[in-house]
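Visitor: Please take one part of this model and go through it closely, starting from the whole chain so that I can place it.

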Amino acid sequence: MEDERITQLMARKLAGEATAAELAELDHLLATRPEFLFQAELLQQLWQKGEQPAETGDSYQQHRRRFADDFDAPAEEEPAPRRRYRKMVVALAGMAALLALFAGIRMYRGQDAAPLASRAEVAVKNGSRSSLLLPDGSRVWLNAGSKLVYDYNMNQAGERLVQLEGEAFFDVAKKADRPFIIKTGKISIRVLGTSLNVKAYPADKITEATLITGKIEVNIDDKPEQRIVLAPMEKFVLEEGPAAAANKPAKNAHQYLVGNIRPVFEEQDSVIYTETAWVRNQLVFNNETLEELAPRLERWYNIVIVINNQNAKKYRFTGIFDKETVEQAFRAMQLIKSFSYAIEGNVVTIN
């Protein structure tokens with residue numbers, strides 16, 4: 001019953017018809033049932049049109065404008081308030097069902113043995129992308145095949161701790177007294193308020209942190225004595241070394257470098273970076289071998305790629321996929337390098 005009541009109250013709030021008592025009731029329900037907080041906030045994001053810009057740099061503002069276009073569903077206009085409310089109830093119920101079904105959202109409370117006292121988990125399957133608003137006001141975009149675990153009581157904790165597997169773009173709300181910490185299993189990133197992209201798929205040999213605005217400190221888990229501070233538009237890359245692959249002592253397991261990111265495309269107000277283009281639903285690759293690109297294509301299209309042609313693994317590609325289908329993508333790559341392929345179901349075999 002509370003689920004239905006929350007949906008009704010959300011509809012009235014978004015329609016601008018909620019009374020003060022109803023708003024207080026909604027706040028009380030969300031406070032006592034925090035497992036619904038994420039869904040309520042995400043439904044509001046999907047319904048609302050447009051965002052208020054923050055006081056950040058030009059590059060970041062370009063990202064924000066694009067993200068809003070990509071992730072926020074357009075609102076519909078209804079002249080009659082009552083009709084609008086009823087339509088919102090139906091639409092919100094549909095959105096909630098779709099979110100639960102397709103975005104792979106799983107919520108837990110007090111039943112998990114993880115270190116977080118009260119945790120929520122959001123998982124996005126291959127071929128999909130999603131976004132969410134954390135309880136502290138930070139916004140997160142999740143790429144395909146990614147999972148984020150966070151404490152929905154983070155506003156009461158001394159640190160705002162999240163755990164990431166996969167890739168995410170973070171717009172972290174400023175809380176000077178409570179740092180925001182991202183853990184990936186190989187690195188930890190400490191921030192106070194900033195925007196950054198983190199790529200940390202467990203199966204990948206490379207972990208990346210790309211800073212767009214603000215300032216972050218990166219710690220390597222197996223080298224705790226090292227602290228790397230990044231400036232805006234810098235990128236930290238941690239590469240798994242031979243020692244890690246051979247399970248040798250962790251001290252020599254990884255090596256890292258820090259460099260500046262460069263746009264792969266720049267024209268007037270349109271700037272595209274490889275590291276963050278996925279947030280605007282673009283798969284960008286720059287001089288990558290097919291072997292390097294294959295895992296990204298697999299996650300992007302939810303496919304499995306089998307490369308039988310050893311020479312083809314070394315073929316290098318540069319390009320941008322926007323709305324191309326799997327067939328169109330491989331046909332375009334075939335125009336650049338000569339290879340044959342076959343698609344059967346979700347398996348692409350390259351010969």
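Guide: In this predicted model, residues 24 or more positions apart account for 52% of the contacts (heavy atoms within 4.5 Å) in the protein chain with a separation of 6 or more. The chain holds 8 helices and 21 strands, which are DSSP runs numbered from the N terminus (H or I over at least four residues for helices, E over at least two for strands). Of its 351 residues, 49% count as buried, that is, under 20% relative accessible area with a 1.4 Å probe and protein chains only, where over 50% is exposed and anything in between partly exposed.

Residues are numbered from 1 along each chain as its sequence is written, and side-chain values use heavy atoms, with hydrogens and water left out. Local features need pLDDT of at least 70 and side-chain atom pairs count only at pLDDT 80 or more, while totals for chains, interfaces and linings use all residues.

The part I would choose is helix α8, which spans residues 326–336 and in which Val326, Ala329, Phe330 and Met333 are buried. These four cover an arc of only 90° around the axis, so they lie on the same side of α8, the arc being that of the directions from the helix axis to the C-beta atoms. Among the elements that cover the buried residues of α8 are helix α7 (290–301) and the strands β18 (304–307), β19 (316–321), β20 (341–344) and β21 (347–350).

Met333 also belongs to a nonpolar core (buried Ala, Val, Leu, Ile, Met, Phe, Trp, Tyr and Cys residues joined through side-chain atoms within 4.5 Å). The largest nonpolar core has 32 residues, and those with the most contacts inside it are Leu148, Tyr150, Phe170, Ile189 and Leu196; strand β6 (residues 160–171) gives the most to it, with 4 residues. A second, separate core of 31 residues includes Met333 together with Trp300, Tyr341 and Val348. In soluble globular proteins, nonpolar side chains tend to be buried together.

As for confidence, the mean pLDDT (the predictor's confidence in each residue, from 0 to 100) of the chain is 78, and 69% of its residues reach 70 or more. Confidence is highest in β18, at 97, and lowest in strand β1 (residues 105–107), at a mean of 39; β18 is also one of the elements covering the buried residues of α8. Over residues 49–60 the pLDDT is below 50, and this stretch has 16 contacts in the model beyond near neighbours in sequence.
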